[in-house]
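Subject: Handing over a structure, with notes

Dear colleague,

I am passing on the structure below, and I would ask you to keep it open while you read the notes that follow it.

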Amino acid sequence: MADVHEFSPLPELKRLSAKRTYAMFASETLDNFPENEQVTKMRTNIRIRNEYKDYTSLPAVLLSQQTPVGPVRPKTLAITAGPSQVNTSGNDRALTLASSLNGSNLNGISATNDLAVGSLATSTNFTKALALHKQVKTVKPAYHPQWKLIRVISGHLGWVRSIAVEPGNKWFATGAGDRVIKIWDLASGELKLSLTGHISTVRGLAVSGRHPYLFSAAEDKMVKCWDLESNKVIRHYHGHLSGVYALSLHPTLDVIVTAGRDATARVWDMRTKAQAMLLAGHTATIADVKCQDADPQVITGSMDTTVRLWDLAAGKTMVQLTHHKKSVRTLAIHPQEYSFATGSAGGNNIKKWKCPEGAFVHNFSGHNAIINTLSVNEDGVLFSGGDNGTLTLWDYGTGVPFQNMDDIPQPGSLEAEAGVFCSTFDLSGSRLITGGADKTIKVYSETTK
């Protein structure tokens, strides 16, 4: 039988010849010669199979633990980035709102849906979620009475930079640029005592609720402990390398936390005068520091535009908040709600945060000034004082302002001296005490109906 010779088709022979010619001579004239698509696809498939053949399917043990395909959605909707809805149980300060959506997902994709993962089904569930979100956004603020100026106290010879009310709510202390700490009667506004000892502006004051001590911090790098029974300095806390700008007492531990221009916060043992801890991490002046009994136990705001939440046990930063665009000058911790507010020099300059993770809640928009001081009371009234003398009172729960005022300088002062540097509410929350650039202390009170 004659041999049967099978000849390759001519186009295939031509392609192979051109390919060999190009490989041998690297001819530029064949750059545009098309490669067989079938061969390219086959080469890619072989490479994928060789590389990923061991990973195409999970082992049976892991496969049994897998959830259905698709994004996992919570069964409840947690609103953490907006004002909270009024709770009918009386706790109108709740930060989260959980509303059941009947076990369905927000985007309408259920566990039994055969749609692709990236698809979005038009469902009534998604419409309900949007309606609920819109409803939460438009919650009305709680009613707060208006505030009025009831007393102006003169006596300091410099800018009033710090205020502290004693736990008995009978007197308060102020520190100013005249280097003197003055004790005033809260009811009558009369001067009871003057304490001298600092050689520079007094920037921080705190009165202990468990000991008869008054603590003061000043720009002379000194932190002093005053015995209120003998009205003398009994302890000095040495260690700051520059001026001390803020001071805070821990509510349950016998420690004080100070911070200042050396960009560090220092934790001091109240009795032994020893530095228990150094909280380093900021890159610029720390303008304010606050303490609370639950984590984060220490919160600092700095001129480097950041806010740090500190783990006091480990001495390290838990969270660093970088939302502010300009220097953070003041902090205010709510006395009951597990949250705090920060004030800065520009942009959305007042922000509310939720503890302990430091989650952003909402902005307080409308006070366009450099915010020097913030204070909040138990009734949910937030006070913000500006460097230009503007004052704003806010509903803390929703971030809505309910009153705007201007600081009136005392007669004889320059118009430019209308700034507010410090503020605090008394223990009842019904009186607001501010200190300003006109060297006076102003007391505001709620108007009665």
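A good place to begin is a charge and a ring: the charged end of arginine 161 sits over the ring of phenylalanine 421, 4.3 Å from the centre of that ring. A second case of this kind is arginine 203, which lies over the face of tyrosine 245 at 4.2 Å from the ring centre. Please keep in mind throughout that this is a predicted model, and that every value below was computed from it.

Let me step back to the chain as a whole. The protein chain has four helices and 30 strands, and of its 449 residues 46% count as buried. Its accessible surface comes to about 24,000 Å², of which 53% belongs to carbon and sulfur atoms. If we consider the contacts in the chain with a separation of 6 or more, residues that are 24 or more positions apart account for 46% of them.

Next come the aromatic rings.

How many aromatic pairs does a search of the whole structure find? The search finds nine. One of them is formed by tryptophan 147 and phenylalanine 425, whose rings meet edge-to-face, with 5.6 Å from centre to centre and 70 degrees between the planes. This pair links distant parts of the chain, since tryptophan 147 belongs to strand β3 (residues 147-154) and phenylalanine 425 to strand β28 (residues 420-425), 278 residues apart. Are these two residues buried or exposed? Tryptophan 147 has a relative accessible area of 3% and is therefore buried, the cut-off for that word being under 20%, and phenylalanine 425, at 8%, counts as buried too.

Another pair is made by phenylalanine 215 and tyrosine 237, and this one is tilted, with 6.4 Å between the centres and 45 degrees between the planes. Because phenylalanine 215 lies in strand β9 (residues 213-218) and tyrosine 237 in strand β11 (residues 232-237), the pair ties together parts that are 22 residues apart in sequence. Phenylalanine 215 and tyrosine 237 are both buried, and together with Tyr213 and Trp268 they form one aromatic cluster.

Now to the strands, and to β25 in particular.

Strand β25 covers residues 381-386, and six of its six residues are buried. Both of its faces are covered, with Val381, Phe383 and Gly385 buried on one side and Leu382, Ser384 and Gly386 buried on the other. It may help to recall that strands of a sheet pair through backbone hydrogen bonds, either parallel or antiparallel. Strand β24 (residues 371-376) pairs with β25 in the antiparallel sense over five bridges, and within this pairing valine 376 has leucine 382 of β25 as its bridge partner. The hairpin of β24 and β25 has four residues between the strands, and in it glycine 380 takes a positive phi near 80 degrees.

β25 is also joined to strand β26 (residues 390-395) by five bridges, and these strands again run antiparallel. Here the bridge partner of serine 384 is threonine 392 in β26. β25 and β26 form a hairpin with three residues between them, and glycine 389 in the turn has a positive phi of about 90 degrees.

Elsewhere in the chain, four strands form an open sheet in the order β16-β17-β18-β19, with antiparallel pairing. Its edge strands are β16 (286-291) and β19 (316-321), each of which pairs on one side only. On average, and with direction ignored, neighbouring strands of this sheet are turned by 20 degrees against each other. Strand β18 (residues 307-311) and β19 run antiparallel and are joined by five bridges, and arginine 308 stands opposite glutamine 320 in β19.

One last residue deserves a look.

Where does lysine 439 lie? Lysine 439 is found in the loop between β29 (431-436) and β30 (440-446). With a relative accessible area of 31%, lysine 439 is partly exposed, because that term applies between 20% and 50%. Leaving aside residues up to four places away in sequence, lysine 439 touches His156, Leu157, Gly158, Trp159 and Val160. Its C-alpha atom is separated by 8.5 Å from that of glutamine 410, which is 29 residues away along the chain.

With best wishes

Terms used:
Residues are numbered from 1 along each chain as its sequence is written. This is a predicted model: local features need pLDDT of at least 70, side-chain atom pairs count only at pLDDT 80 or more; totals for chains, interfaces and linings use all residues. Side-chain values use heavy atoms; hydrogens and water are left out. Buried means under 20% relative accessible area, exposed over 50%, partly exposed in between (1.4 Å probe, protein chains only). Helices (H or I, at least four residues) and strands (E, at least two) are DSSP runs, numbered from the N terminus. Two strands pair if DSSP finds at least two bridges between them. Axes are lines fitted to C-alpha atoms, for helices over the stretch in contact, and angles run from 0 to 180 degrees between N-to-C directions. Contact means heavy atoms within 4.5 Å. Accessible areas come from the Shrake-Rupley method with a 1.4 Å probe; for residues, only the protein chains shown count as cover. Rings of Phe, Tyr and Trp (its six-membered ring) pair if their centres lie within 6.5 Å; planes under 30 degrees apart count as stacked, over 60 as edge-to-face and the rest as tilted. A charge sits over a ring if NZ of Lys or CZ of Arg is within 6 Å of the ring centre and within 35 degrees of the ring normal.
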